[in-house]
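Visitor: I am new to this structure. Could you walk me through it?

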Amino acid sequence: MPYRLTKIYTRKGDKGYTTLRGKPIAKDDLLLEAIGTIDELNSVIGFVISLQINDNLIEHCLTQIQNDLFDLGGELHLPDRITITAEKVTQLERALDGWNKLLPPLKEFLLPRGNPKSAASHVARTVCRRAERCMVRLHRQVTLNNLEMLRYLNRLSDLLFVIARMLARESNEKEMMWEHR
């Protein structure tokens with residue numbers, strides 16, 4: 001397989017444009033905003049993993065999600081190549097349901113905090129919500145071929161919330177509830 005990145009910079013994007021699907025596109029185009037936000041989400045999830053997660057199932061799940069996010073970004077580049085399927089959404093739902101059963105039910109909103117792993121997972125959750133909003137705006141501008149991408153991001157943000165709660169438990173962190181005033 002040939003090397004994909006033989007040179008890191010090309011100077012072709014210095015005037016605010018890049019090439020996508022063989023055509024120039026402004027770097028502030030909504031499609032590139034969505035792709036960039038998905039990349040940002042992937043990086044934040046990588047940061048969560050770098051904080052030494054003690055639960056191998058959570059680490060494995062997050063690693064799979066990172067691969068899925070690369071696939072999702074690739075699908076935005078090449079919309080005829082469907083990679084985010086209903087099965088991937090179902091996998092997120094299974095993990096979400098399994099871990100959520102281990103947690104006490106919530107009667108109030110949680111403050112997004114906890115140990116560094118939990119707090120970083122909350123940051124990933126909020127970046128995921130932003131990515132979802134970008135994708136919804138993109139879908140309104142140009143119809144997406146695959147609406148499973150929207151379902152995936154919606155479910156992923158819920159899963160990251162549950163993972164944040166699971167990671168807080170690693171250090172017996174007390175969950176702080178929102179106090180309505």
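Visitor: Where is serine 171 placed?
Guide: This is a predicted model, where local features need pLDDT of at least 70, side-chain atom pairs count only at pLDDT 80 or more, and totals for chains, interfaces and linings use all residues. Residues are numbered from 1 along each chain as its sequence is written, and side-chain values use heavy atoms, with hydrogens and water left out. Helices are DSSP runs of H or I with at least four residues, numbered from the N terminus. Serine 171 sits in the segment after helix 5 (148–170).

Visitor: Is serine 171 buried, partly exposed or exposed?
Guide: Buried means under 20% relative accessible area, exposed over 50%, and partly exposed in between (1.4 Å probe, protein chains only). Serine 171 has a relative accessible area of 39%, so serine 171 is partly exposed.

Visitor: How far apart in space are serine 171 and glycine 114?
Guide: In sequence, serine 171 and glycine 114 are 57 residues apart. From C-alpha to C-alpha, the distance in space is 9.0 Å.

Visitor: Which backbone oxygen lies 2.8 Å from a polar atom of the side chain of serine 118?
Guide: Serine 118 belongs to helix 4 (residues 116–141). Serine 118 is buried because its relative accessibility is 1%. Contact means heavy atoms within 4.5 Å, and leaving out residues up to four places away in sequence, serine 118 touches Arg113, Ala164, Leu167 and Ala168. The backbone oxygen in question belongs to alanine 164.

Visitor: How many salt bridges are there?
Guide: Side chains of opposite charge can pair when their charged atoms come close. A salt bridge is a side-chain nitrogen of Lys or Arg within 4 Å of a carboxyl oxygen of Asp or Glu. By this rule the count is eight.

Visitor: Which residue forms a salt bridge with aspartate 68?
Guide: The closest N and O atoms of this pair are 2.9 Å apart. Aspartate 68 lies in helix 2 (residues 56–77) and its partner in helix 3 (residues 86–101), so the pair ties together parts 20 residues apart in sequence. Aspartate 68 is buried, at 2% relative accessible area, and the partner is buried too, at 15%. That partner is lysine 88.

Visitor: Which residue pairs with glutamate 93 in a salt bridge?
Guide: The closest N and O atoms are 2.8 Å apart. The pair links distant parts of the chain, helix 3 and helix 5, 62 residues apart. Glutamate 93 is partly exposed, at 25%. Its partner, buried at 18% relative accessibility, is arginine 155.

Visitor: What is the N to O distance between glutamate 170 and lysine 117?
Guide: Glutamate 170 is in helix 5 and lysine 117 in helix 4, so their salt bridge ties together parts 53 residues apart in sequence. Glutamate 170 is partly exposed, at 27%, while lysine 117 is buried, at 13%. The N to O distance is 2.6 Å.

Visitor: Which helices do the buried residues of helix 2 pack against?
Guide: Helix 2 has 22 residues and spans 32 Å from first C-alpha to last, close to the expected 32 Å (1.5 Å times one less than its number of residues). Its buried residues include Ile58, Leu62, Ile65 and Leu69. They pack against helix 1 (30–50), helix 3, helix 4 and helix 5.

Key:
Helices (H or I, at least four residues) and strands (E, at least two) are DSSP runs, numbered from the N terminus. A polar contact is a pair of N or O atoms within 3.5 Å; within protein, one must be able to donate a hydrogen and the other to accept it, and residues adjacent in sequence count only if both atoms are side-chain atoms.
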